[in-house]
Amino acid sequence: SVPSNYEIVLTVTTTADCVTDVDETLIIGETPDVSLNWSNVCDGDQTRFALSSDFFNTELSDLDSVLWYFGDTNEFRKKSPTFSDSVTTHLYSQTGNFIAVVGLKTDLGCAQYDTVAVYKVKKQLVNQASEYLENFDTTFVAQGWLTGGENSSWAWGIPGGTLINSDVTGGGSAWVTNPAGIYNTNEDSWVHSPCFDLTQIKRPYLQFDFRSLTRALADGAVLQYNYQNTTDDETDWIRVDAPNDTENWYNGSGIASNPGNQSVLQRGWTGLIDTTAWRTTVIAMDDVIQSIPANRRDRVRFRFAFSSLAQQSTIQPQFEGFAFDNFEIGERDRVVLIEQFTNNGSTNNSPAEPNRASNTFINNFINSGNGEAVKLEYHVGFPGPNMDPLYLNNEQDMNARAAFYGVVSTPTTFVNAN
């Protein structure tokens, strides 16, 4: 029936045509609409819950109460709620997965509920003195990564598939889409990292081991990061990209199932690639850090997102999905030595003169970095035709270094003696 006020009339007529009426008003109440969302994933942060409902504006009946249940035995009920009671916060005492519930009840006894899956992950500071390395060989709680999404096959444990049958070291644990076999079809899932405080890191790198065994360009995985506190907006997840020549980085674009719900390119790892062994990849994360506002770098999260198409017929036993192990974030501390042999005795004063152009390129490269390269410049006595005055100041040392490398022309450059 349609919610409304109905006038009910009962008319009774006797055999002597005596008539009497009884009037009553019947109120058919409206079942309230309820939608719940939440934010703030990191441990120690107040989790924010917000319900939305058009019922706050109804005229058919008033709200009797709102019930909040947070999934950790804590709950409370607010009588006669107003719009300001549609938002509340809760501090979880531990990390993990929780099912939170909100319910609205009217004064007519009509009620409706909504639930959300809440996940809280630990928070960790990463800097040069405290780098992050998780080999996933501890307990589930200690490793601190959680999974979710639709039709997820992700599991943490000892791999036991036909091809992915061990972690990198052998005998330990890793995250795998179904450690015992093939992944699910029609999957849109993820594994979520802890929250990382990256405010003190200057030259970050990211490294991990992985295996990819999927249907090529149909299913696949991608690595994304998020510096917002939201949990319900997929556009807040940003793909971690690397230069095209980065070893073992994404090998596919236009992946049909679109892992991570990317807005463009749909890139990721895809295909039946790692049938025999694990691979390692490592990237500099300078671009990631620079893309994050300074006041948001204390709550950076990563996730491996995996997706697959619905077709079951093309799934073969060797399609064991995606696995990762040994996830590491640290500070690069290596300094590269650049040794350049040059000569300024040319009569060509153009910026395009080879020695001048080489010097300019290398100097710009070093100045644009983070102090990761040191340049030593050797002025030699060739090719001229004029003599280089800097060479004349120290001919013996310049000649000795050029002879050590076998330098016979300029410009010539060596990086870490190669």
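**Exercise 1. Classify the two residues of the K78 salt bridge by accessibility.**

Step 1. K78 has a relative accessibility of 34% and therefore counts as partly exposed. The structure is a predicted model.

Step 2. The partner of K78 is D85, and their side chains meet in a salt bridge at 3.1 Å, N to O.

Step 3. D85 has a relative accessibility of 17%, so D85 counts as buried. The cut-off behind this step is that buried means under 20% relative accessible area.

**Exercise 2. Apply the salt-bridge criterion to further pairs, then give the total for the structure.**

Step 1. The criterion is a side-chain nitrogen of Lys or Arg within 4 Å of a carboxyl oxygen of Asp or Glu.

Step 2. For D219 and R215 the N to O value is 2.6 Å, and their side chains form a salt bridge. Both D219 and R215 are buried.

Step 3. For E377 and K375 the N to O value is 2.7 Å, again a salt bridge between side chains. E377 is partly exposed at 32% relative accessible area, and K375 is partly exposed at 21%.

Step 4. Salt bridges also link R203, D286, R332 and E372 in a network.

Step 5. Over the whole structure, the search finds 14 salt bridges.

**Exercise 3. Describe the largest pocket by volume, lining and residue class.**

Step 1. The volume of the largest pocket is about 430 Å³.

Step 2. Its lining has 25 residues, and Y119, G148, G149, W190 and T231 lie nearest the centre.

Step 3. Two or more lining residues come from each of strand 3 (35–39), strand 8 (96–106), strand 9 (111–120), strand 12 (146–150), strand 15 (188–197) and strand 20 (300–307).

Step 4. Sorted by class, the lining of the largest pocket contains 11 nonpolar, 9 polar and 5 charged residues.

**Exercise 4. Repeat the description for the second largest pocket, and find a residue that also takes part in the salt-bridge network.**

Step 1. The second largest pocket has a volume of about 270 Å³.

Step 2. Its lining consists of 13 residues; F365, S368, G369, N370 and E372 lie nearest its centre.

Step 3. Helix 2 (286–291), strand 22 (336–342) and helix 3 (354–367) each give two or more residues to this lining.

Step 4. The class division of the lining is 6 nonpolar, 5 polar and 2 charged.

Step 5. E372, one of the residues nearest the centre of this pocket, is linked with R203, D286 and R332 in the salt-bridge network.

**Exercise 5. Locate backbone geometries that depart from the usual case.**

Step 1. The reference is that most residues other than glycine have a negative phi, and most peptide bonds are trans.

Step 2. F382 and P383 are joined by a cis peptide bond with omega of about 10 degrees. P383 sits in the loop between strand 23 (373–379) and helix 4 (389–393).

Step 3. A cis bond also runs from T410 to P411, with omega near 0 degrees. The loop that holds P411 lies between helix 5 (395–405) and strand 24 (412–415).

Step 4. L217, not a glycine, has a positive phi of about 60 degrees. L217 is in the loop between strand 16 (204–213) and strand 17 (220–226), and is partly exposed at 44% relative accessible area.

Step 5. Q266 likewise has a positive phi, about 50 degrees. Its loop lies between strand 18 (238–239) and strand 19 (279–284), and Q266 is partly exposed at 22%.

**Exercise 6. Identify the members of a nonpolar surface patch and place V22.**

Step 1. L10, V12 and V22 make a nonpolar surface patch of about 250 Å².

Step 2. V22 belongs to strand 2 (residues 19–28).

Step 3. V22 is partly exposed, with a relative accessible area of 43%. Patch residues need over 30%, so V22 meets this cut-off.

Key:
Residues are numbered from 1 along each chain as its sequence is written. This is a predicted model: local features need pLDDT of at least 70, side-chain atom pairs count only at pLDDT 80 or more; totals for chains, interfaces and linings use all residues. Side-chain values use heavy atoms; hydrogens and water are left out. Patches are made of residues with over 30% relative accessible area and no salt bridge: like charges are joined within 9 Å, nonpolar side chains (Val, Leu, Ile, Met, Phe, Trp, Tyr) within 5 Å. Accessible areas come from the Shrake-Rupley method with a 1.4 Å probe; for residues, only the protein chains shown count as cover. Helices (H or I, at least four residues) and strands (E, at least two) are DSSP runs, numbered from the N terminus. Buried means under 20% relative accessible area, exposed over 50%, partly exposed in between (1.4 Å probe, protein chains only). On a 1 Å grid over the protein atoms alone, a cavity is a set of points where a 1.4 Å probe fits but cannot get out, and a pocket is an open set with protein on both sides within 12 Å along at least five of seven lines; lining residues have an atom within 4 Å of a point. Grid points are joined across faces, edges and corners, and a volume is the space filled by probe spheres set on the points. Ala, Val, Leu, Ile, Met, Phe, Trp, Tyr, Cys and Pro count as nonpolar, Asp, Glu, Lys and Arg as charged, and the others, Gly among them, as polar.
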